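Work through the exercises below with the structure open. Try each task before reading its solution.

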Amino acid sequence: MLVLQQLHAIVHGRVQGVSFRYNAQLKAQMLGLTGWVRNLADGTVETKAIGEHAVLEGFLAWLRIGPSGAKVSRVEATWSETAQPLPLVPLFEIKYGSDS
């Protein structure tokens, strides 16, 4: 049985107004991850992604750099196992507002 992981990350630095969410969505979709990304009111970007640990490590490596124009100062990352199955078609969306 495949054990899926969930990565929850808060990205700090110059990460808003530089297409960070859009590029994070593209990267996550390319990797086949499920989850979401959103801006927070404090100027950070938050994301939750579900997938295989090794794939999530690749996504986390990208989050630490971000798209051109971004200047990531740090990423707070927490990991957990999840029993949530991946859908047949992975969905990684951009969320707007501060709802969870």
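The exercises that follow deal with aromatic rings in this predicted model.

**Exercise 1.** How many aromatic pairs does a search of the whole structure find? Classify the pair of phenylalanine 59 and tryptophan 62.

*Solution.*
- The search of the whole structure finds 3 aromatic pairs.
- Phenylalanine 59 and tryptophan 62 lie 6.5 Å apart, centre to centre, with 10 degrees between their planes.
- Planes under 30 degrees apart count as stacked, so this pair is stacked.

**Exercise 2.** Where do phenylalanine 59 and tryptophan 62 sit, and is each buried or exposed?

*Solution.*
- Both residues belong to helix 2, residues 53-63.
- They are 3 residues apart, so about one helical turn separates them.
- Buried means under 20% relative accessible area.
- Phenylalanine 59 has 0%, so it is buried.
- Tryptophan 62 has 16%, so it counts as buried.

**Exercise 3.** Classify the pair of phenylalanine 59 and phenylalanine 92, then place it in the chain.

*Solution.*
- The ring centres of phenylalanine 59 and phenylalanine 92 are 5.8 Å apart, and the planes differ by 75 degrees.
- Over 60 degrees counts as edge-to-face, so this pair is edge-to-face.
- Phenylalanine 59 is in helix 2, while phenylalanine 92 is in strand 5, residues 92-94.
- The two are 33 residues apart, and their pair links distant parts of the chain.
- Phenylalanine 59 and phenylalanine 92 are both buried.

**Exercise 4.** Which residues do ring pairs link into a cluster?

*Solution.*
- The cluster consists of Phe20, Phe59, Trp62 and Phe92.

**Exercise 5.** What sits over the ring of tryptophan 36?

*Solution.*
- The charged end of lysine 95 sits there, 4.5 Å from the ring centre.

Conventions. Residues are numbered from 1 along each chain as its sequence is written. This is a predicted model: local features need pLDDT of at least 70, side-chain atom pairs count only at pLDDT 80 or more; totals for chains, interfaces and linings use all residues. Side-chain values use heavy atoms; hydrogens and water are left out. Rings of Phe, Tyr and Trp (its six-membered ring) pair if their centres lie within 6.5 Å; planes under 30 degrees apart count as stacked, over 60 as edge-to-face and the rest as tilted. Helices (H or I, at least four residues) and strands (E, at least two) are DSSP runs, numbered from the N terminus. Buried means under 20% relative accessible area, exposed over 50%, partly exposed in between (1.4 Å probe, protein chains only). A charge sits over a ring if NZ of Lys or CZ of Arg is within 6 Å of the ring centre and within 35 degrees of the ring normal.
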